[in-house]
Each structure stands twice: as C-alpha cells, then as structure tokens.
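Me: Could you pick one part of this model for a close look, and then work outwards from there to its surroundings? I would like a connected account that I can follow while turning the structure on screen.

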Amino acid sequence: MNPPLKHHNVFQTPDLAEARDEVARVFCDHRLTMTDPRGRLDTVLNGARVGEVGLNYLRYGDEVRISPGRLDDFYLVQIPLAGRAAVKVGDQTVMSDRRRASLVSPSEAVDMLWSDGCEQLIVYLDRHAVERMAGAGDEQRPVVFSPAVDLDIPAVRSWLRIVHLMRDEIEAGDTVLTSPLAHAHFEHLLIGGLLAAQPNSALVEERTASWRPGGPSRAVRRATALIEAEPERAWRVAELASASGTTVRQLQESFQRERGASPMELLRRTRLERARAELLEADATHSTVSEIATKWGFFHLGRFSVQYRETFQESPSQTLAR
C-alpha cells in the first residue's frame, strides 16, 4: 500500500544522522535514537505546506525515541495510521493509536516513543496563525490544547474530514490549493475547526468570559474583527464561526446576548457605514450610488436605499450630493 503524499517525498533514508537532520529541517532540532541498537531504520518523510498549515507523512521503521523539547513555533497533531506512540506532553502521557491522536502545543515539552512500524499523518499548524485566530496573540498568552485527541468524537471526526480533504487535494496535484485564497480557506477551516473541536485554554477563557458582565467574549471579538477587516467579503455565519473557534449556534447566541444583533446584522451595518463614509467623500460628478453600493456588497439598489434611509434618516443620493 502506497504511503500518503507519496508524490511529495521530502526524503527517504536508512541512516540515523541523515534522518535526524532532514526531519529537523522540516520541523525543529531534536534527539533521535533507536531503542534497539540492532534495529533497522527506514525513514520516509512526505509532506506539503498550504499557507501556514502543513500535512506530512512520517515513519521510521523500528522503534525510535524522539526528543525535541519544546516546539516553540508550531503545533503538531499526530494521527497514527499504523503502530502506536507514547507521547509525553508536559506532565501528561498520551498512548496514541488508531483511535487516539496526540496534539503537541509549542509551549509544552515533548518526548516521544514510536513503536516498530509506527506511521503517522502529521498536521502542522503555525503558532502565530493559531493564536491569531484564537485571539490570544495580542495578550502574549499561548494557546494550550489538551494533548489527547479522541478520534471517535463527532467534532473531531468532522475536523478529520477537513484533513483528509486537504490530503486529497494535495495528492491530486494541480488543484485549487495553488490559489492563495484556497490557502486562507484551508487555514481557517483547519485551525478554526481544531479550536472548536479540541479542548484548549482559549476555549475555556471564552466560555468563562461569556458569563462576565462588561465585555464581549473572545469569539464575538474575533468575528467582529473579521467583519470589520473585510466587510466587503461574502461572509457566511459558518465561516465566521469556524474562524472564531466556535459553533454557528454558539456564535449566534453570543452575538444576541452581547450585542443584541446577529453576525449578519453586524455585517450589514458595517457595510452601510463604509458605504456612507465613501458617499460622503465621493465626487457626485464621477461616482454613483449604484457603484458604491455594489462595492460594499449591496446588489439590490432599492433594498440598499431602504436600509440606508432607515439607518441614517436620509437617502444615499442625498448623502452623495453633499
């Protein structure tokens, strides 16, 4: 049976030193030792990056110990395809097999023992991308995941479908993944989906914050920031929820509770405000209401005019004529 990502081979070697050096180039420096000096090494690493996420297949052959310490710059989700692995993350040890994956956070020390014949599909997630989506970057607090990933949980199975879709697209060769827009889409799906599916420190803080008076929860802040950064984008609630590390229902309920409006109502209001700002600045001899409305996602001019008047107590044409 062919290994995953076989057309994206990084290297293959029976040499221990070469295996250590080549894996270090892709991930980070580490110690690599065989538990049995008479063991045979058959290291294969296949992989590809898609923006700030990556997918890799790795095997070593006979039993090895891998000791990288802290990863620092990235998260790894290691999904066994064959064999087993004992993965110590901080003070917890995950016995990983076909039903349980391991998740290593960059701030936690890791030490691993891969069994004979262990093969793993490894998802790489850039630390800054994860913490940016989790809303933790500005606060300099690392996002720490629970290291044991139950592959039978429905939310995790849903996330795995995204992983396998990414694998299929990479293996297909010249696909939509060549587009930077597709890169961003898969980053949002993979990172947002993992934040929503797997227990982590950001999710705990978000749930705690939702009960505190005086400030929006983390998910609402993230979704609001996304809307305000790109109000012209055709956002869907599901996309905002995934990028915010929560579910559609939770995001809608949080918006209603904290802002008294839905995400789509905020999006419409933000677009109206941007359209008004442009109408105020525009030259009526060179710009039209229709052009500006369309730019900000309003494709039905009559409906736009009604919503605009209800919000600002004047018509778009009156604003443009100022």
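Reply:

**A hairpin and what lies beyond**

In the hairpin formed by β7 and β8, 2 residues sit between the strands, and G90 takes a positive phi near 60°. Please keep in mind throughout that this is a predicted model. The two arms are strand β7, residues 85-89, and strand β8, residues 92-96; they run antiparallel and are joined by 5 bridges. If you want a pair to click on, take K88, which stands opposite T93 in β8.

G90 is a glycine, so let me turn to positive phi in residues of another kind, which makes a nice pair of cases. L5 has phi near 60° although it is not a glycine, and you will find L5 in the segment before β1 (9-13). Is L5 buried or exposed? Its relative accessibility is 0%, and because buried means under 20%, L5 counts as buried. Q313 also has a positive phi near 60° without being glycine, but its place is in the loop between α11 (301-312) and α12 (316-320). The relative accessible area of Q313 is 60%, so with exposed meaning over 50%, Q313 is exposed.

Back to paired strands. Strand β5 (residues 64-70) pairs with strand β2 (residues 31-34) in the antiparallel sense, over 4 bridges. β5 also pairs with strand β10 (residues 109-114), again antiparallel, over 5 bridges. A good residue for tracing this is V64: it is the bridge partner of M34, and W114 in β10 is the bridge partner of V64. You can therefore step from M34 to V64 and on to W114, with the pairing in each step resting on bridges that DSSP finds. In a regular strand the side chains alternate between the two faces of the sheet.

β5 and β10 turn up again around empty space: together with β4 and β6, each supplies at least two residues of the lining of the largest cavity. β10 gives the most to that lining, with 3 residues. The whole structure holds 3 cavities of 30 Å³ or more, and about 140 Å³ of space lies in the largest. Of the 16 residues that line this largest cavity, V23, F27, I66, L76 and M112 lie nearest its centre. What is the chemical make-up of the lining of the largest cavity? It divides into 14 nonpolar residues, 2 polar ones and no charged ones.

Now compare the second largest pocket, which contains about 280 Å³ of space. It is lined by 15 residues, and the closest to its centre are M1, P4, L81, R98 and R167. β4 (53-61), β6 (74-82) and α3 (154-171) each supply at least two residues of this lining. Here the lining divides into 9 nonpolar, 2 polar and 4 charged residues.

β4, β6 and α3 also lead us into the largest nonpolar core. Among its 35 residues, I79 and W159 touch the most other members. The elements that give two or more residues to this core are β3 (41-50), β4, β6, β9 (100-104), β11 (119-126), α2 (127-134), α3 and α4 (180-197). α3 gives the most, with 7 residues. Leaving out residues up to four places away in sequence, I79 touches A101, E119, Q120, L121, V123, L151, W159 and L160. There is also a second, separate core of 27 residues, which includes F11, C28, L71 and A85. A85 brings us back to where we began, as the residues of β7 are 85-89.

One last stop is M264, placed in helix α9 (residues 263-281). Buried is under 20% and exposed over 50%, so at a relative accessible area of 27% M264 is partly exposed. Leaving aside neighbours within four places in sequence, M264 is in contact with W235, R236, V237 and L240. If you would like a distance to check on screen, M264 and Q252 are 9.4 Å apart in space, C-alpha to C-alpha, and 12 residues apart in sequence.

Definitions and conventions: Residues are numbered from 1 along each chain as its sequence is written. This is a predicted model: local features need pLDDT of at least 70, side-chain atom pairs count only at pLDDT 80 or more; totals for chains, interfaces and linings use all residues. Side-chain values use heavy atoms; hydrogens and water are left out. On a 1 Å grid over the protein atoms alone, a cavity is a set of points where a 1.4 Å probe fits but cannot get out, and a pocket is an open set with protein on both sides within 12 Å along at least five of seven lines; lining residues have an atom within 4 Å of a point. Grid points are joined across faces, edges and corners, and a volume is the space filled by probe spheres set on the points. Ala, Val, Leu, Ile, Met, Phe, Trp, Tyr, Cys and Pro count as nonpolar, Asp, Glu, Lys and Arg as charged, and the others, Gly among them, as polar. A nonpolar core is a set of buried Ala, Val, Leu, Ile, Met, Phe, Trp, Tyr and Cys residues joined through side-chain atoms within 4.5 Å. Buried means under 20% relative accessible area, exposed over 50%, partly exposed in between (1.4 Å probe, protein chains only). Contact means heavy atoms within 4.5 Å.
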